[in-house]
Amino acid sequence: MQLRPRGVGEILDAAFRLCFTHWRPLMTATLVVVVPVQIFATIVLFSAFPDNFTTEDAFFGPQTSQDPAFSPVTNEDVGVLVAGQIVSGVLTGLMVLLTIAACFKAVADAYLGTQPDWRSSVRFAVARLGPLLWITVLYVLGVVLGFMALLIPGIFLMFAWNLSFPAALVEGVRGAGALKRSFQLVRGRWWPVFGVQLVGFILVAVIAGIVQSVFLLPVLFVDSLLAVAVLTGLASIVGYAISTPLQAAIVAIVFFDQRVRKEGLDLELLAQSLGTEGPPAPAGGGSPSPGTQVPPGWAPPGGAEPPPQR
């Protein structure tokens, strides 16, 4: 079944409706990865706090001085804390890669009209962690160099290469090939791709920020570092559970839309790429019957009939 291109509003509507319809497997796939990693990262970071570390140090940074009477935190303490933050950051980065890949698989399954399964989504993500990590390194290096070159090239590359993850997960391209593939898909449509993702990410950030504030607000009124660490960790878990599926859905549907526009992507081809059972075809072959399920949010607006298949 061939799909038709969609506008900015339709893409965002499809992404949000898909996530709301399949919130359980998407959130489960996210939490299975996020919760244990976030707990371990919080323990590592909390254990790196010096015994005389205060909540003021946590919020405003530790004060150091060669005069022990001036500061309760020594330079050695700061070094241990920085090491803990680095370890925590690395763990968080790996966690983000896994959750994005797992959510992308679940989103793609839902897009195909099949029921997403969090177990298969997590296995899919773990099997592809290495290539995604290498793509991330190349992406970050390229974007950083672009920002160093008067800022604008960095912004351009951020979105020109933004579809490299879907390209790697769906098409199996790796490393620089994934960045090149993303560049090809975005070429000639950078502004629409930029616009839909910018609007989508702002909406996601606002939604996640409002929910996270429920957990972060009490941090201002507690004196215990343990309480601060626990509340901050809970806020992070909730934020990832809300934002990751929505962001993955937006990027995934933008990727599919670009392939529809430039290559006439159909559901059967997409299903083969993901190793997912696609929409059933009629017994005599050919295009799926008119009653075949189509991706959520991609039916023509106003209840109109789908366009005739080629």
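A salt bridge is a side-chain nitrogen of Lys or Arg within 4 Å of a carboxyl oxygen of Asp or Glu. With that definition, a search of the whole structure, which is a predicted model, finds 7 salt bridges. The exercises below start from the overall fold and then return to some of these pairs.

**Exercise 1. The overall fold**

Describe which secondary-structure elements the protein has, and how much of the protein is buried.

Solution. Begin with the elements: the protein has 12 helices and 0 strands, and the pattern read along the sequence is accordingly α-α-α-α-α-α-α-α-α-α-α-α. Next, turn to burial, where a residue counts as buried under 20% relative accessible area; buried residues make up 43% of the 310 residues in the protein. Then consider the contacts between residues at least 6 apart in sequence, of which 74% join residues at least 24 apart. Finally, look at the outside: the protein exposes about 15500 Å², and carbon and sulfur atoms supply 68% of that area.

**Exercise 2. The two sides of helix 5**

Find which residues of helix 5 are buried, and explain why they can be said to line one face of the helix.

Solution. The first step is to list the buried residues of helix 5, which spans residues 118-127, and these are Ser121, Val122, Phe124 and Ala125. The second step is to look down the axis of helix 5, where the buried residues fall within an arc of 155°, and therefore they line one face of the helix. The third step is to examine the face turned away from this buried side, which carries the exposed residues Arg123, Val126 and Ala127.

**Exercise 3. Helix 11 in the core and on the surface**

Work out what helix 11 gives to the largest nonpolar core and what it gives to the nonpolar patch on the surface.

Solution. Start with the core, which has 63 residues, and in which Leu26, Trp161, Leu163, Val254, Phe255 and Phe256 touch the most other members. The largest share of this core, 13 residues, comes from helix 11. To see one of these well-connected residues in detail, take Leu26: leaving out residues up to four places away in sequence, Leu26 touches Leu18, Cys19, Cys103, Ala106, Val107 and Pro245.

Now move to the surface, where Phe46, Leu226, Val230 and Leu234 form a nonpolar patch with about 320 Å² of accessible area together. Helix 11, made of residues 225-263, gives the most to this patch, with 3 residues. Leu234 has its place in helix 11, and with a relative accessible area of 37% Leu234 is partly exposed.

**Exercise 4. Comparing salt bridges**

For the salt bridges Glu10 with Arg6, Lys105 with Asp109, and Glu171 with Arg259, state how far apart the N and O atoms are.

Solution. In the pair of Glu10 and Arg6, the closest N and O atoms are 3.0 Å apart. Glu10 counts as partly exposed at 25% relative accessibility, whereas Arg6 is buried, with a relative accessible area of 4%.

In the pair of Lys105 and Asp109, the side chains meet at 2.9 Å, N to O. Lys105 and Asp109 are 4 residues apart in helix 4, which covers residues 75-111, so about one helical turn separates them. Both of these residues are buried.

In the pair of Glu171 and Arg259, the closest N and O atoms are 3.2 Å apart. This pair links distant parts of the chain, since Glu171 lies in helix 8 and Arg259 in helix 11, 88 residues apart. Glu171 is partly exposed at 26% relative accessibility, while Arg259 counts as buried at 7%. As a last step, add Arg181, which is linked with Glu171 and Arg259 in a network of salt bridges.

**Exercise 5. The surroundings of helix 8**

Decide whether helix 8 is largely enclosed or largely open, and say what follows the helix.

Solution. First count the buried residues: 7 of the 8 residues of helix 8 are buried, so the helix is largely enclosed by the rest of the structure. Then name them, namely Ser164, Phe165, Pro166, Ala167, Ala168, Leu169 and Val170. Lastly, step past the end of helix 8 to Gly172, whose phi is positive, near 80°.

How values were computed: Residues are numbered from 1 along each chain as its sequence is written. This is a predicted model: local features need pLDDT of at least 70, side-chain atom pairs count only at pLDDT 80 or more; totals for chains, interfaces and linings use all residues. Side-chain values use heavy atoms; hydrogens and water are left out. Helices (H or I, at least four residues) and strands (E, at least two) are DSSP runs, numbered from the N terminus. Buried means under 20% relative accessible area, exposed over 50%, partly exposed in between (1.4 Å probe, protein chains only). Contact means heavy atoms within 4.5 Å. Accessible areas come from the Shrake-Rupley method with a 1.4 Å probe; for residues, only the protein chains shown count as cover. The arc is that of the directions from the helix axis to the C-beta atoms. Patches are made of residues with over 30% relative accessible area and no salt bridge: like charges are joined within 9 Å, nonpolar side chains (Val, Leu, Ile, Met, Phe, Trp, Tyr) within 5 Å. A nonpolar core is a set of buried Ala, Val, Leu, Ile, Met, Phe, Trp, Tyr and Cys residues joined through side-chain atoms within 4.5 Å.
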